[in-house]
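Reader: Please walk me through how to read some features of this model. Where should I begin?

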Amino acid sequence: QEMNRLIIASKTYFHWVKFYYLTQGIINFVNTKILIHLIKVIKRIIPDSIKRFIKKNILLYFQSPNSKVSAKILREWGNSSFTRTDSCTDILIFGITSWDYRFQRPQHLALGLAELGHRIFYIESEFSSDSASISVTKIQDNVYKIKLYSSKNYFIYGDRPTQQDISRMFESLKVILRESHAINIVAKVDHPFWTPLIERLNIPVIYDCMDEHIGFKETGNHAEASENRLLTTADLVLASSDRLFQKVSKSKPKKILMLKNAGEYLHFKKASELKLRQTPKDIQHLQTPILGYYGAVADWLDSNIIKQLAISFPKASIVIIGRVQSEQILELAEKYSNIHCLGEKPYLQLPKYLAAFDVCLIPFKINRLIKATNPVKIYEYFASGKPVVATNIPELEVYHSILKLAEGPQAFDM
């Protein structure tokens, strides 16, 4: 009986293979011998204006993005489809930055969810505009970063995607979900830019409201309307600060949860244990004490405070770590020899720099954006055991007994 079963299965497989290659042969013949020649003839006949219209408005909907998924990842996805249970969830995280740019709240949540057994697809805010392709890279077990296909690389803070590119992104997602054998799909959205795409997905949506997005000077006029739609349609809204919680509550979302930021304690506690010999080479020569800051160096970093520190403490070194996007900070670094801009540093290396700081700084301007900010770096600074001086940020007032809150530039040099 076992032999008969195997023989029947073998014959069935043989007939399936024969039929498969027959149909593939017919499809290839039609594509190579008929369609290509037919298209060449049509191209010679149709006026250029009609060609452009067809390419822009019609071919888009028949174009399937190419997938740059390695054979290894495809095998991994295929094998997992046999072992995963109904309790597993596939989470699409529509990111606010690329995965490798700066390690903060989105990455912490992604890795934490992956450790619980969920599979994470981190959709980066950069796009693949070459050859209609989708890029997939494995970060670690259960975590993948993805670039969707689009005709251009959008700046998500200021740009609004066209309907054509939303369709391209949507088709890209369909390819990923099909090839990964996704189940129990949930979307976590980190920025309102993604709202038009999310509205095409019939899946549960979590909106992680971690910033006052309209407080960024680069934010486009359309962002507020997109966020309002997201607040009312999302199944769950997360708020990272008291002010953001109050703001989103006014939109009466279906469900809201306060989820403030945190730091990776054990990682940054290393700063209190590292020896002097481990100090990075680019700060070994600097005069002490070191007054240090790391993070975004943008328009909300108060250049007046940095200038005041450089003047008041001429024998100290003011160290700024992060990609500098502020012209004022660059000008100060040229003018004052004790201001040192070291550029972006990998997350894994930050404790070594933090170990060299004598005082940690959060010199932010108190504006609409910062009033709603719960800084991740405060928890990282605290883990190192270093003294912290910050401007009077509302979210930090609860920690007034373990840090120094300063009202302005003059207060920082007291």
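**Aromatic rings**

Author: Begin with F121, which has a relative accessible area of 0% and is therefore buried. Keep in mind that the model is predicted.

Reader: What describes a pair of aromatic rings?

Author: Two values do: the distance of the centres and the angle of the planes. In this structure there are 21 aromatic pairs. One of them is F121 with Y144, a stacked pair with 5.8 Å centre to centre and 20° between the planes.

Reader: Where in the chain do F121 and Y144 lie?

Author: F121 belongs to strand β3 (residues 119–123) and Y144 to strand β5 (residues 143–147). They are 23 residues apart, and the pair links distant parts of the chain. Y144 has a relative accessible area of 2%, so this residue also counts as buried.

For another arrangement, look at F268 and Y347: this pair is edge-to-face, with 5.6 Å centre to centre and 75° between the planes. F268 sits in helix α9 (residues 265–269), while Y347 is in the loop between β12 (339–343) and α13 (350–356), 79 residues apart. Both F268 and Y347 are buried.

Reader: Which residues form one aromatic cluster?

Author: The cluster consists of W99, F103, Y122, F268, Y294, Y347 and Y381.

**Core and burial**

Reader: Where do nonpolar side chains tend to be in soluble globular proteins?

Author: They tend to be buried together. Here, 45% of the 414 residues of the protein count as buried. The largest nonpolar core has 104 residues, and F94, L148 and W194 touch the most other members. Helix α5 (residues 163–179) contributes the most to this core, with five residues.

Reader: Which residues does W194 touch?

Author: Setting aside residues up to four places away in sequence, W194 touches F94, G95, I123, E124, S125, F127, L148, M169 and V189. Two names in that list, F94 and L148, are also among the residues that touch the most other core members. M169 is one of the buried residues of α5.

Reader: What is the length of α5?

Author: α5 has 17 residues and reaches 25 Å from its first C-alpha to its last, close to the 24 Å expected at 1.5 Å a residue. The buried residues of α5 include polar and charged names such as Q164, D165 and R168, as well as I166, L173 and V175.

**Charges**

Reader: What can side chains of opposite charge do?

Author: They can pair when their charged atoms come close. The whole structure holds 21 salt bridges. In one of them, E76 and K138 meet at 2.8 Å, N to O. This pair links distant parts of the chain: E76 is in helix α3 (residues 71–83) and K138 in strand β4, 62 residues apart. E76 has a relative accessible area of 24%, so this residue counts as partly exposed.

For a bridge inside a helix, take R168 and D165, whose closest N and O atoms are 2.8 Å apart. The two are about one helical turn apart because they are three residues apart in helix α5. Both R168 and D165 are buried.

Reader: Which buried residue has no salt bridge?

Author: K377 is such a case: the nearest side chain of opposite charge, E380, is 6.7 Å away. A salt bridge needs the nitrogen and oxygen within 4 Å. K377 lies in helix α15 (residues 376–384). Apart from its neighbours within four places in sequence, K377 contacts Y293, Y294, G295, I362 and F364. Y294 also appears in the aromatic cluster.

**Backbone**

Reader: What are phi and the peptide bond like in most residues?

Author: Most residues other than glycine have a negative phi, and most peptide bonds are trans. In this model the peptide bond from T288 to P289 is cis, with omega near 5°. P289 is in the loop between α10 (281–284) and β10 (290–294).

Reader: Which residues other than glycine have a positive phi?

Author: Among them are N142, with phi near 75°, and N184, with phi near 45°. N142 is in the loop between β4 (133–140) and β5, and N184 in the loop between α5 and β6 (185–189). With 39% relative accessibility, N184 counts as partly exposed. Just after α5, H181 takes a positive phi of about 55°.

Key
Residues numbered from 1 in each chain as written. Predicted model: local features only at pLDDT ≥ 70, side-chain atom pairs only at ≥ 80, totals over all residues. Heavy atoms only, no water. Core = buried A, V, L, I, M, F, W, Y, C linked by side-chain atoms within 4.5 Å. Buried < 20%, exposed > 50% of the residue type's maximum accessible area, 1.4 Å probe, protein only. Helix = DSSP H or I, 4+ residues; strand = E, 2+ residues; numbered from the N terminus. Contact = heavy atoms within 4.5 Å. Lys, Arg positive; Asp, Glu negative; His and termini not counted. Expected span 1.5 Å × (residues − 1). Phe/Tyr/Trp six-rings, centres within 6.5 Å; stacked < 30°, edge-to-face > 60°.
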